[in-house]
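Biologist: I am new to this structure and would be grateful for a close look at a single part of it. Please describe how the side chains pair and pack there, and give a connected account.

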Amino acid sequence: MLDERLTAELREALLARRGESQRRLASLTGHFQDIVDASVSSNADDEHDPEGATIAFERSQVDALARDTRRDLAEVDAALARLDEGRYGTCEVCGGPIAVERLRVRPTARTCVGCAARR
């Protein structure tokens, strides 16, 4: 079981990561919209215009980054829920404790090192 000081430290780390992810997602969403807006006013044909392929690639890349960021936000929210429910720091596979060092490095960890290595 985690003590109060450690729980507060890990909660703070999770909330900081959540804030960073929210800012990154807002930036990516804005950038994606800028790409869409710019391509609407152009006559770019993604198949035949050399610039069209670049625009399509950039749009795809920003979309993938936004999906990854949404996934990270979901992981952080799940970790915060486990923290609130008293299940944080317990491996979801074996039920043993997750090392504090692992939680400090990867605060969204759901498994202990041993179970993570077997996956």
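**Salt bridges and their surroundings**

Modeller: Across the whole structure, which is a predicted model, a search finds ten salt bridges. One of them joins the side chains of Asp77 and Arg18, with a distance of 2.5 Å from N to O. Because Asp77 belongs to helix H2 (residues 50-85) and Arg18 to helix H1 (residues 4-41), this pair ties together parts that lie 59 residues apart in sequence. Asp77 is partly exposed, at a relative accessible area of 33%, and Arg18 likewise counts as partly exposed, at 23% relative accessibility.

A further salt bridge is formed by the side chains of Glu75 and Arg110, at 3.3 Å from N to O. This pair, too, links distant parts of the chain: Glu75 sits in helix H2, while Arg110 sits in the loop between helix H3 (100-105) and helix H4 (113-118), 35 residues apart. Glu75 has a relative accessible area of 29% and is partly exposed; Arg110 is partly exposed as well, with 29% relative accessibility. The pair does not stand alone, for Glu75, Arg82, Glu92 and Arg110 are linked in a network of salt bridges. Elsewhere, the side chains of Glu85 and Arg87 meet in a salt bridge at 2.6 Å, N to O, and Arg87 is partly exposed at 41% relative accessibility. In general, side chains of opposite charge can pair when their charged atoms come close.

The loop between H3 and H4 also holds Arg106. At 45% relative accessibility, Arg106 is partly exposed. Its C-alpha lies 10.0 Å in space from that of Leu10, although Arg106 and Leu10 are 96 residues apart in sequence.

Leu10 leads to the nonpolar interior. The largest nonpolar core has 14 residues, and those with the most contacts inside it are Leu10, Leu14, Tyr88, Cys91, Ile98, Leu103 and Cys112. Two or more residues of this core come from each of H1 and H2, and H2 gives the largest share, four residues. Tyr88 illustrates the packing: not counting residues up to four places away in sequence, Tyr88 touches Leu2, Leu10, Leu14, Ala79, Arg82, Leu83, Leu103 and Pro107. Arg82 thus appears both among the contacts of Tyr88 and in the network of salt bridges. A second, separate core has seven residues, including Leu25, Leu28, Val62 and Leu73. In soluble globular proteins, nonpolar side chains tend to be buried together.

Two cysteines of the largest core, Cys91 and Cys112, deserve a separate word. How many disulfides does the structure contain? With a cut-off of 2.5 Å between cysteine sulfur atoms, the count is zero. The cysteine sulfur closest to that of Cys91 belongs to Cys94, and the distance of 3.7 Å is too far for a bond. Cys112 is also in no disulfide, since the nearest cysteine sulfur, that of Cys115, is 3.6 Å away. Both cysteines of the core are nevertheless buried: Cys91 has a relative accessible area of 3%, and Cys112 has a relative accessibility of 12%.

Key: Residues numbered from 1 in each chain as written. Predicted model: local features only at pLDDT ≥ 70, side-chain atom pairs only at ≥ 80, totals over all residues. Heavy atoms only, no water. Salt bridge = Lys/Arg side-chain N within 4 Å of Asp/Glu carboxyl O. Buried < 20%, exposed > 50% of the residue type's maximum accessible area, 1.4 Å probe, protein only. Core = buried A, V, L, I, M, F, W, Y, C linked by side-chain atoms within 4.5 Å. Contact = heavy atoms within 4.5 Å.
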